[in-house]
Every structure is written in structure tokens, then in C-alpha cells.
Amino acid sequence: MKLLVLGGTKNLGRHVVEAALASGHEVTLFNRGRTNPELFPSVRRLVGERAAPGVLATGEWDGVIDMSGFLVRAVSLSASVLRDRCGFYTFMSSIAVYASKTTAGMTEYADLLPWPEGAPEDEFTMDLYGPSKVRCESLLTATFGDRTAAVRSGFVVGPYNPDFGNWGWALAHGLPMECAARPDQPIQYIDARDLAAFLLHLTISRSSGPYNAVGPTHTMTDLADTWRSAVPTRPPVNWHPTEDHFHLPHDGTNDGTFQLTNTRALTAGLHLRPPIETARDYITWVHNGNVPPAPPH
Ligand SMILES: NC(=O)c1ccc[n+]([C@@H]2O[C@H](COP(=O)([O-])OP(=O)(O)OC[C@H]3O[C@@H](n4cnc5c(N)ncnc54)[C@H](OP(=O)(O)O)[C@@H]3O)[C@@H](O)[C@H]2O)c1
């Protein structure tokens, strides 16, 4: 299959490209050539800015996987160029799209965030992250109809990725695992490799619509115990560290975000490896000389 990946060279996107190449697909990358430009030297690369995606008018693809869509204006521009140039368009969205942060058990059809009146469509701010993803999903549906999917994830864990990297680093070095979230905090995450495989699967199978691509809900305590069991020394958890890697409020006002229903994604073919496997692989990755990237914010 001919695949175009928008982005593809950073944390999650490189897993998508690795998975696509391993399955024998013909991949084209579109990015500015700034982030890890040495990656995938044999892959065709279209160099350009999301804000000026004219170079995309030089090709046709069976599927597009959009890993770098944050800004409404930029996604709108590339969607116009690609509308008649691709068979299917898979958009990497976020669990930040939901209007409620407290309701447990939300499906993909729960209420989404509104667009703040007068907000800029071409500037990135953290406040606009969720509303922008909602707008992008909706404009892609308007453009592609049932030829598009939106994949909503939160914490993405595994080699190259920052989330839970502090735990992997601590376990690899026999240090206490730091967790500034409360011990009974509900938490969901997904292994980056499972997410990459799912993005690819949806694109190939042309499975449209929104998907909560998240794992089952654990408490932080249960998850920490699983991760600790990945090493013989089982280091303790420090629940009161000076540095907060998770940024989760202690008053429960974000608990619903990590109790999403993932049935639709599982039915569509999402495979989730057990957390112990993710923990072991992250530790091995650190033992091999890799350093977890810093979280984006
Ligand atoms: N926990 C998570 O990581 C998480 C959770 C939920 C959703 N997501 C979503 O997953 C996606 C990010 O994953 P990732 O960082 O791993 O993606 P990625 O595809 O690996 O990295 C971002 C890519 O976009 C390219 N890029 C950045 N700005 C660009 C621009 N202005 N024009 C053209 N290309 C540009 C970068 O290359 P150049 O710098 O060379 O241009 C890079 O290849 C985002 O859509 C994010 O919202 C992530």
C-alpha cells in the first residue's frame, strides 16, 4: 500500500513508520526535515510546512496518517490538497477532545469541546489543544466523509516516548519511582507500538470514525506495582516527589479522562500488550543507552 505519513520522525510517528515499513508498505514522509532528519534514509521525503502543503499535490496515496495536525488552518489546507489524492485519511487526535473531564465511561460519542469564539486557527496554545483536535476531526469528516478515522489517545508509552519515561529510567537504575499523582488516580495509557499498529490497521482496513485508543483503567498504585515487578529489586514509589511528571489534579477533576470506554477500538482490532511488557521493554531500551525524552510541557 502507498502510505503518506505527515510527521513521522519524532516520538509516536516513528513507530508508525517503522510498523509500515516492516509490513512492506511504500512510505512517503512529509515534514520540514528538522526533527531527526537522519531517520529512514531510504524513505521518500517531501519537505515542507503544514501551513504551505503544496508539495503534497505531487503524489497520490492509498492512505494518509496525519501525526502532525494541531492547527485547524494547516489541517484544513492539507485536507483540501489531499481530498482527491488519497483513499483514506487517519488523523491522530487526542482524549483532550471531550467536554467532560469527570464523567466515567465516556464513549467516542460523548460531548466534545466547543470552539472558543474568536480563537486563532493558526496559532498553537495548550488551551486550544483539545478544541483544535475537535475542529480538525470535524473538518476532516466534512472533507472525506467515511474515508477518515480519528484516533484519540492520552498517555503514550514506550521507546522514544516521554510519558512514564521517568518510571522506566528509575527502574533501569534501581531508583525510587516518582509519582506526584494520587495513589488511587485512575489512569489509562497505550503502548506506542500498539497505537502505531492500530493507526496502520485502521488506514489499511479503511475503518472510519472516532476511536478511543486507550488501554484499560488502572489505579496508579496497581500500575506502579506492575512496573515495579519488572525488576528483581522492586524499588519503592515516592508519592511526594519534588518534580511532577504527570500533572494530574488531586481533586478528581480529571478522573473521567482516564476512564474512557475503549470497546469500539477493541472491536475494530486494537491489540493491547500487557503493561509488564511495556515496562520491561522501556527498561531494556534505557539499558541500551537511550534517554527518555523530556515531556513536551
Ligand atoms: N502522548 C502523546 O504523545 C500523544 C497523545 C495524544 C495524541 N498525540 C498526538 O500524536 C501526534 C504527535 O506525535 P509525535 O510527536 O510522536 O509525532 P511525530 O510524527 O513523530 O512528530 C511530529 C512530526 O511532525 C513534523 N512537523 C512538526 N511541525 C511541522 C510543520 N509545521 N510542518 C511540517 N511538519 C511538521 C516533525 O518533523 P519536522 O520537525 O522535521 O518538521 C515530526 O516529523 C500529535 O498529533 C499529538 O497531538 C500524542
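**Cysteines and ligand contacts in a predicted model**

A search of the whole structure, which is a predicted model, finds zero disulfides.

Me: How do you know that Cys 86 is in no disulfide?
Reply: The nearest cysteine sulfur, that of Cys 136, is 15 Å away. A disulfide requires two cysteine sulfur atoms within 2.5 Å, so the sulfur of Cys 136 is too far from that of Cys 86 for a bond.

Me: Why is Cys 86 called buried?
Reply: Its relative accessible area is 7%. Buried means under 20%, and therefore Cys 86 is assigned to that class.

Me: What makes Cys 136 count as buried?
Reply: The relative accessibility of Cys 136 is 0%. Because the limit is under 20%, Cys 136 counts as buried.

Me: Why is the pair formed by Gly 8 and the ligand called a polar contact?
Reply: A backbone N or O atom of Gly 8 lies 2.5 Å from an oxygen atom of the ligand. The cut-off for a pair of N or O atoms is within 3.5 Å, so the pair qualifies.

Me: What makes Thr 35 a polar contact of the ligand?
Reply: Here a polar side-chain atom of Thr 35 lies 2.5 Å from a ligand oxygen atom; the limit is within 3.5 Å, and therefore this pair also counts. Taken alone, the ligand exposes 910 Å², of which the protein buries 87%.

Me: Which residues surrounding the ligand are the closest?
Reply: Of the 27 residues surrounding the ligand, the closest are Gly 8, Thr 9, Leu 12, Arg 34 and Thr 35. The shell divides into six nonpolar, 13 polar and eight charged residues.

How values were computed
Residues are numbered from 1 along each chain as its sequence is written. This is a predicted model: local features need pLDDT of at least 70, side-chain atom pairs count only at pLDDT 80 or more; totals for chains, interfaces and linings use all residues. Side-chain values use heavy atoms; hydrogens and water are left out. A residue is near a molecule or strand if one of its heavy atoms lies within 4 Å of it. A polar contact is a pair of N or O atoms within 3.5 Å; within protein, one must be able to donate a hydrogen and the other to accept it, and residues adjacent in sequence count only if both atoms are side-chain atoms. Accessible areas come from the Shrake-Rupley method with a 1.4 Å probe; for residues, only the protein chains shown count as cover. Ala, Val, Leu, Ile, Met, Phe, Trp, Tyr, Cys and Pro count as nonpolar, Asp, Glu, Lys and Arg as charged, and the others, Gly among them, as polar. Buried means under 20% relative accessible area, exposed over 50%, partly exposed in between (1.4 Å probe, protein chains only).
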